[in-house]
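Work through the exercises below with the sequence and the model at hand. Each task is followed by its solution.

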Amino acid sequence: MCGGRGTRLATDREKPMFPIRETPMVEHVRQALAESKVERTFAVTSPATPETAATLDCPTVETPGEGYVADLDRALADDRVARPVLTVAADLPLLDGEAVDAVVDVASGSLTVA
């Protein structure tokens, strides 16, 4: 989920593109997912995050940017998104593949890492 405006960051940058150690937060999350058992990744973007959508090397699901729950509902309605679903927020730069796998291993269906 990488469609947030990041208003509390007091920056003009898109929230997912906000750098942590010179790397955008969303890239830290993407790397964690790449190192995990997750087989397919989508970036769920909004009109507030066009740079994020253009930068990421994965399919995107464009949402209207009406809020987390509404955008998640829109993403889950996309025919390309198969169940079960692991939802991960783009602002978790300390996430790693081992932590993702630990969550996936105990899950019995769709879940969110936030």
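**Exercise 1.** Find what share of contacts in the protein chain joins residues at least 24 apart.

Solution. Take contacts (heavy atoms within 4.5 Å) between residues at least 6 apart in sequence; 54% of these join residues at least 24 apart. The model is predicted: local features need pLDDT of at least 70, side-chain atom pairs count only at pLDDT 80 or more, and totals for chains, interfaces and linings use all residues. Residues are numbered from 1 along each chain as its sequence is written, and side-chain values use heavy atoms, with hydrogens and water left out.

**Exercise 2.** Give the order of helices and strands along the protein chain, then judge its compactness.

Solution. Helices (H or I, at least four residues) and strands (E, at least two) are DSSP runs, numbered from the N terminus. The order is β-β-α-β-α-β-α-β-α-β. The radius of gyration, taken over C-alpha atoms, is 13 Å, close to the 13 Å from the globule rule for 114 residues, so the chain is as compact as a globular protein of that length. That rule is 2.2 Å times the number of residues to the power 0.38.

**Exercise 3.** Is Thr87 buried or exposed, and which residues is Thr87 in contact with?

Solution. Locate Thr87 in strand β5, residues 86–88. Buried means under 20% relative accessible area, exposed over 50%, partly exposed in between (1.4 Å probe, protein chains only). Thr87 counts as buried because its relative accessibility is 7%. Beyond its neighbours within four places in sequence, Thr87 contacts Met1, Tyr68, Leu72, Leu111, Thr112 and Val113.
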